[in-house]
Structure formats: structure tokens, C-alpha cells
Amino acid sequence: MLVSNWNNYPRVEAALADFRSQDEALSILEEANKCIPRGLGRSYGDCSLGADIISTPGFKRLIHLDPQKGTLECESGTSLDQILSVIIPHGWFLPVTPGTSRITLGGAISSDVHGKNHHLHGAFGRHVLDLRLLTPQGQVLECSRNENPEIFQAVCGGMGLLGLILSARISLMPLESVFIRQKTIPAADLDQLMGLFESYHQSTYTVAWMDCLKSGRNLGRGLFMHGEHCRAGEASRRGLTHPDSKVLSLPFNLPFRALSPLGIKAFNSLYFYRKSRRTGYQFSNIASFFYPLDVIDNWNLLYGKKGFLQYQFVLPSRNSREGLQKILQHINSFGQPPYLAVLKLLGPGEGPLSFAQYGYTLALDFPMRPGVFSLLKALDRVVQKLGGRIYLAKDARMQKHMFWQGYPRAKEFLELKKKLDPENKLSSLQSRRLGLCQNQY
Ligand SMILES: Cc1cc2nc3c(=O)[nH]c(=O)nc-3n(C[C@H](O)[C@H](O)[C@H](O)COP(=O)(O)OP(=O)(O)OC[C@H]3O[C@@H](n4cnc5c(N)ncnc54)[C@H](O)[C@@H]3O)c2cc1C
């Protein structure tokens, strides 16, 4: 069947094998020549694509919730959405969550996903207590910070290349209310926007939307948002019900021109001015604060049949301002506006392939149009020169040399891979493109 991840590019012919038990997973691994685990396919690109895929969403049992200690153990195909529906009524929340709840626990660990609180609370892997890994040689390893610590660190962010995560135990954060107290502050340019991230560094959640179609003195104009969990009874007495927002669905692939650059320019201005007028604190629920895009089930179809590319990079703090400025200038001069631009501040990374480093990360959604690959190459040069890197979970096209320069600990990862996967059984289209297979580098 034809398979693609969230951005619908690339699409590949692949065979998907499901499993419901550890034994079934083992026999799939034993029989496969080359294969790669895949969760809910919410990555953008080819990190979970290949001719043979081990599909995990059928492996989704909640193993144990300890409501006193706030720990949860589940099988790796469990979705964050499923987890939230169980933990919220007990007064717990995920300590780190990305911008969608439709991903699996295995996908969250393998990409070491980050949320709006990375500057304070790190990535998902920091909150994993232990995990069980089925190695390509058929062994089941218990991994934690004390047991097989080197493997544990590398599996967090390891893009499914060291083994199939069977299950994991994570620590949860206490929650008193399903509401978030948030404030949006307009910023006229990049300096103001970055200044706000610094001033609100102690806020739990910070993020900014950027209008990439502005140039000159409004270059980097945006809306900065910060938020905190409400205390019990602060916003409503409705208690801890999982706020399941209504899910809408698009019936078909919309033609690409549904989002023309002119339309986006008009949208950006309207959005900026409307949001700028709301200056006080507002209350939103967890679903609308963390997962606004989940309201439309298949919003990815808005980009049309050819799909789109998400370009997400991080630049070290010392170079972030210069780099962001150059990136925005390139976007303007190429006349290729991204349809979405989200800026976050990151703290340090942990695993050898983890994306994070101190500095700013910008995620840009580009529709697939002629010239987009040339623009991204120009952006690559800026990111590379200034010591940044591209997020593997959002990559469909990075070149090998850029990867090896951006991820200086990749050699350490590859050494470990040689030990755990001497036959190079676990490989994706991405790992082959980047030379993340032994004998290739
Ligand atoms: C709307 C939207 C918003 C997003 N926002 C964010 C964000 O804010 N921050 C962020 O960091 N990411 C974000 N993402 C990206 C997403 O969180 C990651 O790509 C995540 O890894 C997807 O998980 P998945 O279950 O869909 O896995 P897939 O996309 O199928 O796979 C991702 C990787 O995990 C590996 N993998 C999956 N399951 C296993 C397993 N059991 N064992 C070993 N390896 C496994 C795969 O091999 C692959 O390398 C967003 C994605 C979308 C669509």
C-alpha cells in the first residue's frame, strides 16, 4: 500500500505488519530483512518509512497507572490522547506534550519530542523512568538511567533505529484544573519577540506565532503567548474531565490554491490585529491550548495532494538572532511564504540524536511548489553556518553532510547501533539518506 507521514511527502509503497503481543513483534523482526517501527505517522518526512514497516498502534494496552505516585506504564502504540483520557480524571497530566495528542508513546520517545516548556522541563525522554526495548537481535532489554543507561539515552531521540520500544513507564505532573491561564502579547519585530521570551523565561509555557511575510522594520513581527495551569476552581468548577474538543474532518484533498500567498498575507494581518486587541489574561482548556490543530482531523489535506514540507531548525542562542533574521530575509526574497511559523525557546538536549540545544527553534510549513527545495537549501546554508541543526522528526530531504555536522554525537550513536544491530536491520528511508547505517558513513 502507499504510505506517507503527516505531510504526505514522500509517499512510498510499503508493507505494514501489525502486532498485538511481544511474541508477534519478535517474529516480525526475525523475518524482516530491513524494517522500521512506525507509530501514528505524525512525523513529517521519512523517518518512519521504508519498504517494511512494523506498525505499533495495535499494541496499546495501559499496563499500570499509579495514581498516588503519578506514574504510568503503557505499551508503545498507546496514543497520548488515550493516555490523557485516563490520567486527567486522576489529576495528572503529561509533563511534556507536543502540538498534537495523536502520536504514540513510542513515537514521543523515539523523536524525544518537545513542547512549549522545553526551556524549563526538557523533552519527553527526561520524564521516561524506564522502557523495554526489543533489539534487532531479539533480546528484550530493560533500560533506564541505572540499567543500560547508554542505550536508554540513545533510544530517547533514536528514531527507532536501535530497537522496537515495547513499553515505557513515565512520570506524570500533577494537575488541578483542565484550564490554562494564558496571555498573548504582540511584538512589532524580531527583537521584541525574542525579548519577550527572555522576560517570560520563568513562565511554564511559552511560544510565538510569527508573520513571515513582514519585512523591513516589521521583520519577525509576531504574537508571543505564555501560559500556566490554573489552580483548582480558578477558571471553572467543572473539575478534571478530559476536554475532548469536537473533531471536524475534511472530506477530500483541497486544491492547493485554497491557501494562496495573498490569502495567507491577508490572514496573517487579520490574525495579528485581532489577537493584538485581546490584551488581558484568557482561559482556555488543555485541548485548545496544546492541540489547536487536532480540532480538524485531517488538516494536512489543506495543502493538497502533493503534500508539504515542514522545515524545523534550532540555532544556538548566541547565533539565534542573526540566523532568524537571515532566514526571514531569504524567505522574503524567494517569495515562498510558509503558511505556519512557530517559534520556541529550547533548553539543552540529552540523547546523542536529540534535537534540542540551547537556543531558538522555528518550525515553518511550506507547501510543495516549484522552487521550495532551492529555498530550503538556502536556509540550510544559514543553519549550518551558524551551528544549528534540523529536527529529524520533521525532515524529508536533509543532506548527509548537514546531518553529520549538525549532530556531532551521531558517531557515538552509530557505535551503539553497530553493537545492537550488527546486521543493520532497522533502517528507514531517512537513516539511509543520512548515512545512519553502519558501513555507510
Ligand atoms: C500537528 C502536529 C504538531 C506537532 N508538534 C510537535 C511539537 O510541538 N514538538 C515535537 O517535538 N514534535 C511535534 N510533532 C511531531 C510529532 O510529535 C513526532 O513526529 C512524533 O514522533 C510522532 O509520533 P508517531 O507516533 O506519529 O510516530 P511516527 O511518526 O510514526 O514515527 C516517528 C519516529 O518514531 C519511531 N518509532 C515510533 N514508534 C516506535 C517504537 N515503538 N519503537 C521505536 N521507534 C518507534 C519511528 O521509527 C520514527 O523514527 C507534531 C506533529 C504534528 C502532526
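This is a short tour of the structure above, going from the overall fold to single residues.

**The whole chain**

Start with everything shown as a cartoon, and keep in mind that this is a predicted model. The secondary structure comes to 13 helices and 20 strands. Along the principal axes, the C-alpha trace spans about 60 × 55 × 45 Å. The radius of gyration is 21 Å, which agrees with the value near 22 Å of a compact globule with 441 residues. If you colour by accessibility, 58% of the 441 residues count as buried. Contacts also reach along the sequence: among those with a separation of 6 or more, 73% are between residues 24 or more positions apart.

**The loop between S1 and S2**

Now select the loop between strand S1 (2-3) and strand S2 (12-13), where you will find Pro10. Zoom in on the peptide bond that joins Tyr9 and Pro10: it is cis, with omega about -5 degrees. Stay in this loop for Asn8. Asn8 has a positive phi, near 60 degrees, although it is not a glycine. Its relative accessibility is 11%, so Asn8 counts as buried.

**Helix H1 and its two sides**

Next, pick residues 22-31, which make up helix H1, and show the side chains of Ala25, Ile28 and Leu29, which are buried. Look down the axis of H1: the buried residues fall within an arc of 95 degrees, so they line one face of the helix. As a reminder, an α-helix has 3.6 residues a turn, so residues three or four places apart point the same way. What does the opposite face of H1, turned away from the buried side, carry? There you will see the exposed residues Asp23, Glu30 and Glu31.

To see what the buried residues of H1 pack against, add strands S3 (15-18), S5 (52-55), S9 (128-134) and S11 (164-171).

**A three-stranded sheet**

Keep S3 and S5 on screen and bring in S4. Together these three strands form an open sheet with parallel pairing, in the order S3-S5-S4. Which strands sit at the edges? They are S3 and S4 (36-38), each pairing on one side only. Turn the sheet to follow its twist, which averages 35 degrees from one strand to the next. Between S3 and S5 there are four bridges in the parallel sense. To find your place in this pair, label Asp18, which stands opposite Ser55 in S5.

**The S6-S7 hairpin**

Move on to residues 62-66 (strand S6) and 71-75 (strand S7), which run antiparallel and are joined by four bridges. Label Leu62 and you will find Cys74 of S7 opposite. The two strands form a hairpin with four residues between them, and in the turn Gly70 has a positive phi of about 75 degrees.

**Cysteines**

Show the cysteine sulfurs next. How many disulfides does a search of the whole structure find? The count is zero. Take Cys35: the closest cysteine sulfur, in Cys437, is 12 Å away, too far for a bond. Cys35 is buried, with a relative accessible area of 2%. Cys47 is also in no disulfide, and its nearest cysteine sulfur, that of Cys437, is 14 Å away. Cys47 is buried at 7% relative accessible area.

**Last stop: Asn424**

Finish in the loop between helix H12 (410-420) and helix H13 (429-434), and select Asn424. Here is a non-glycine residue with a positive phi, near 60 degrees. With a relative accessibility of 11%, Asn424 counts as buried.

Key:
Residues are numbered from 1 along each chain as its sequence is written. This is a predicted model: local features need pLDDT of at least 70, side-chain atom pairs count only at pLDDT 80 or more; totals for chains, interfaces and linings use all residues. Side-chain values use heavy atoms; hydrogens and water are left out. A disulfide is a pair of cysteine sulfur atoms within 2.5 Å. Buried means under 20% relative accessible area, exposed over 50%, partly exposed in between (1.4 Å probe, protein chains only). Two strands pair if DSSP finds at least two bridges between them. The arc is that of the directions from the helix axis to the C-beta atoms. Contact means heavy atoms within 4.5 Å. Axes are lines fitted to C-alpha atoms, for helices over the stretch in contact, and angles run from 0 to 180 degrees between N-to-C directions. The radius of gyration is taken over C-alpha atoms; the globule rule is 2.2 Å times the number of residues to the power 0.38.
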